[in-house]
Amino acid sequence: MTQPVLPTTHVAPPAVARSWWRRNQIRLAPWIFLAPGMIFFLFYVIFPIFQSFQISFYQWDGLGEKTFVGLYNYEELYYDDAFYTSLRNNVIWLVLYMLAIPAGLFIALFLNQTVVGIRLYKSLFFFPFVISQVVVGLVFSWFYDPTFGLLNTILGTFGAGPINVLGDERYVTYGIIAAGLWPQTAYCMILYLTGLNAVDPEQIEAGRLDGAKGARMLWYVVLPQLKPATFIAFVVTIIGALRSFDLISIMTNGGPFGESRVLAFYMFEVALSEYGFRYGYGAAIAVVLFLIMMVYITFFLTKMYRDERGR
Amino acid sequence: MFPTPIAKTSRPWQLTYQTLLPFALILWLLPLIAVAVFSIKPDGDFASANYWGWPSSFNFIENYGLVFAGSDMPRYLLNSVLITVPTVLGAVALSSMTGFALGIYGFRGNIWIFFMFVAGNFVPFQILMVPVRELTLDMGLYDTKTGLVLFHIAFQTGFCTLFMRNFIRALPKELIEAARVEGVSEFRIFWYVVLPLMKPALAALAVLIFTFIWNDYFWAIVLTQGADSQPVTAGITSFNAQYRAAYHLMSAGSIVAALPPVAMFFLMQRHFIAGLTLGAVK
C-alpha cells in the first residue's frame, strides 16, 4: 500500500462532528457511493417504466393535452391485426433465436483445439458479434438481394431461385432471424469456449476410462459442467430475441405489408409515426412487451437470489 | 479436454480438420467478405453487372476517399466518438462506486437495490422510449450529444453495476478489514485499496461499453436527428440515401462505420472476452 503509516501517538479527536462521522462512517458510506448511480438510474430507467404504464391510459400526440381514456388503448390493441402479427413474429423470434445456443456449442466444440493459429480462428469466428446490427442488417439485405445477392447467385448455380427473401411475406421474418442468428451464434460460441476451458479434465479422463465418448460423453459429462454457460446463453438470447429492432428497421422497415414487424418495432412505428405521434397507444404496446420480458426477468432474478442464498 | 485433442487423433482426421478450418471460416464470414469485395470495386463493375467476378480495377483509395471527403461520414464518426467516450467514462465511474457499495457493505436492502439495477438492465427499450424522449426534450437536450450521453450513462450503469459488484465480491475481504483496523477511512479504502485491484474489471467494462454504445441505433434515432449530433449507426442510413444504388460506396461506408469496435476488440481481446463471459464459468 502507498499509505503513509499513521503516527501511533494519537491525540484525542478534537471536534465532536468528526467523531460522529467516524462512528457512522461505515453506515453512511455505502449510500454516498450509491447516490450518483442510483439517481441517474432512477430518473432514466426506473421512473420511466412507471410513466409508460401511466401514459398507456391516455391518448396523447406528444404536443397537445393528454386525454385520459382508461383502458381504451388496450381495447384497441385487442382488435388490432398488426398487433397479433407482431406478437406472432415475436414468438417465432423467441423460438428460432434459440438455435443460436446449439449452433454456438457446435462451433465451440469444433474450435476447442490447440492447432497453430486457432486463437485467430476463434476471434474471426467471434467477429460478427462486434459489428453493429445496422451493418449486419445492410450486409444481409445485400446478401438476399434478388438481382445480385450472393444467396441467389448460389441458388442460381443449382438452377433454383431467385427468391426475394425480404420482399416475400412468407420468408421475410425467417430471413431477418437468420441475419440475427449470425452474431448471436458467435456470442453463444464464445460463452461455450470459455466454459469448455474450465471443464474438469479429470472427469473427462474418468469418462474415457468408462468407455464414454462422442455424443454420450458430451451429454453426460461435458454438458452438465457447461450449465453456467448455457444459462447465460439462454438469458442473452431471450433478451436479444425480444429486443430485435435494429435489423427489422434496417432490412425491411417492418414490411412487406407490415409482415416482419415485432412488438419492439411496432411500438416505435406507432409512437413516432410520420402520420402523427400516438404515445398512448405506443406505451400500451410497450407495456405488453415489458410484461412478456418481465416473466424472464423474474425467472432470472429468482435464480440469482437462490444462488446468492447458497453462498 | 473435450473433444479429443486433434494431436491424439488419426492422421487423416488431422488433415481433414486442418483443411476444414479455413473453409468453415470463409463460409462463416461470407456475407462480410462479399461487402469487403464490393467496397474496393469500381463503379463500372456494377453498371456492367460484374457483381461477383474479379474487380476490373482496385479502387480502394477512390472509394474510401470519397466516403471521407464526399459525405458527412467524418462528422458522424466524430459524433460517435464524442458520444461513446464520455459514456464509457461516466458509466465506469458511477458503477465502480455503486459496485463498491453493493459488494462491500452488508446493509439492509442491499440485494434489492442490486436487483433493481439488474432488472432495469434487461428491460425492453420501448418501455422507456416515450418518457425518456420527453425528459430529454424538457431538459432542452433533444438532438444533442449530451442528451444521448446522459441516458446511455444511466442505462449502462445497470449492467456495469452487476459486473462490478460481482467482481468486488470476489476480492479478499481481509484486505479491507485490515485497512479498517488501521483506521483508514472508507473513501481511502475505495480509492487506494479497492480501485487498484479493479483494473481488469475496469478495462473489460470499458471495451464492452464502448462496443455497445458505438453500435447503438435505437436511442440514436429516438433522441437525435441531424448530422450535428447523430452517431454513425444512424448516419449510415442518410449516407446510403445519398449514395443510393452506389453499392461500392455503401459497402465502404458500412465498413468504416463498423471498424472502430472491431479494432477495439482485436486490441483488447482478452479483456473483452473476460467481460462478456463473466459468469459463464463457476
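Begin inside chain A, where domain 1 of chain A meets domain 2 of chain A. Together they bury about 390 Å², 88% of it on carbon and sulfur atoms. This is a predicted model.

**Stop 1: the two domains of chain A**

Select residues 16-55 of chain A for domain 1 and residues 80-310 of chain A for domain 2, following the domain assignment. Give each its own colour. The C-alpha centres of domain 1 of chain A and domain 2 of chain A are 36 Å apart. Four residues of domain 1 of chain A and six residues of domain 2 of chain A make the contact.

Now show side chains on the domain 1 side. Which residues of domain 1 of chain A lose the most area to domain 2 of chain A? Pick S52(A), F53(A) and I55(A), which together account for 85% of what that side buries. By type, the residues on this side are three nonpolar, one polar and no charged.

Look for polar links between domain 1 of chain A and domain 2 of chain A. The salt-bridge count is zero. The count of residue pairs in polar contact, both at pLDDT 80 or more, is zero as well.

**Stop 2: annotated spans of chain A**

Stay on chain A and turn to the UniProt record. An unreviewed entry marks "transmembrane region" at residues 28-50, 91-112, 124-144, 171-196, 217-242 and 279-301 of chain A.

Select residues 28-50 of chain A. The span is 100% helix and 0% strand, with its end C-alpha atoms 29 Å apart. Move on to residues 171-196 of chain A. Here the chain is 96% helix and 0% strand, and the end C-alpha atoms lie 36 Å apart.

Next, widen the selection to residues 86-300 of chain A. UniProt lists this stretch, in an unreviewed entry, as "domain: ABC transmembrane type-1". How much of residues 86-300 of chain A is helix, and how much is strand? The span is 71% helix and 0% strand, and its end C-alpha atoms are 25 Å apart.

**Stop 3: across to chain B**

Show both chains. Between them, chain B and chain A bury about 10,000 Å², with 78% of this on carbon and sulfur atoms. Select the contact residues: 110 from chain B and 113 from chain A.

How many salt bridges does the rule find across the interface of chain B and chain A? There are two. Zoom in on R165(B) and E308(A). They form a salt bridge, and their closest N and O atoms are 3.0 Å apart. Polar contacts across the interface of chain B and chain A come to 20 residue pairs, both residues at pLDDT 80 or more.

Now highlight helix 6 of chain B, residues 110-122. Helix 6 gives the most to the side of chain B that touches chain A, with twelve residues. Colour that whole side of chain B by residue type. The tally is 79 nonpolar, 21 polar and ten charged.

**Stop 4: annotated spans of chain B**

Hide chain A. For chain B, an unreviewed UniProt entry gives "transmembrane region" at residues 20-40, 81-104, 111-129, 149-168, 189-214 and 245-267.

Take residues 81-104 of chain B. This span is 100% helix and 0% strand, and 34 Å separate its end C-alpha atoms. Then select residues 111-129 of chain B. The chain is 84% helix and 0% strand here, and the end C-alpha atoms are 27 Å apart.

**Stop 5: the two domains of chain B**

Recolour chain B by its domain assignment: domain 1 covers 6-67 and domain 2 covers 69-276. The contact draws twelve residues from domain 1 of chain B and 15 residues from domain 2 of chain B. The C-alpha centres of domain 1 of chain B and domain 2 of chain B lie 33 Å apart.

Domain 1 of chain B and domain 2 of chain B bury about 1,100 Å² between them, 73% of it on carbon and sulfur atoms. Show Y64(B), L66(B) and V67(B). In domain 1 of chain B, these lose the most area to domain 2 of chain B, together 51% of what that side buries.

Check the polar links too. Zero salt bridges cross the interface of domain 1 of chain B and domain 2 of chain B, while four residue pairs are in polar contact, both at pLDDT 80 or more.

Finish with the helices on the domain 1 side of chain B. Select helix 2 (30-39), helix 3 (43-47) and helix 4 (60-69) of chain B; each supplies at least two residues of the side touching domain 2 of chain B. Which helix of chain B gives the most to that side of domain 1? Helix 4 of chain B does, with five residues. The residues of that side divide into seven nonpolar, three polar and two charged.

Terms used: Residues numbered from 1 in each chain as written. Chains lettered and ligands numbered in written order. Predicted model: local features only at pLDDT ≥ 70, side-chain atom pairs only at ≥ 80, totals over all residues. Heavy atoms only, no water. UniProt positions renumbered as here; feature names shortened; annotations may be inferred. Helix = DSSP H or I, 4+ residues; strand = E, 2+ residues; numbered from the N terminus. Domains from an automatic or database assignment. Contact = heavy atoms within 4.5 Å. Buried area = accessible area lost by both parts, 1.4 Å probe. Salt bridge = Lys/Arg side-chain N within 4 Å of Asp/Glu carboxyl O. Polar contact = N/O pair within 3.5 Å; in protein donor to acceptor, adjacent residues only side chain to side chain. Nonpolar A, V, L, I, M, F, W, Y, C, P; charged D, E, K, R; others polar.
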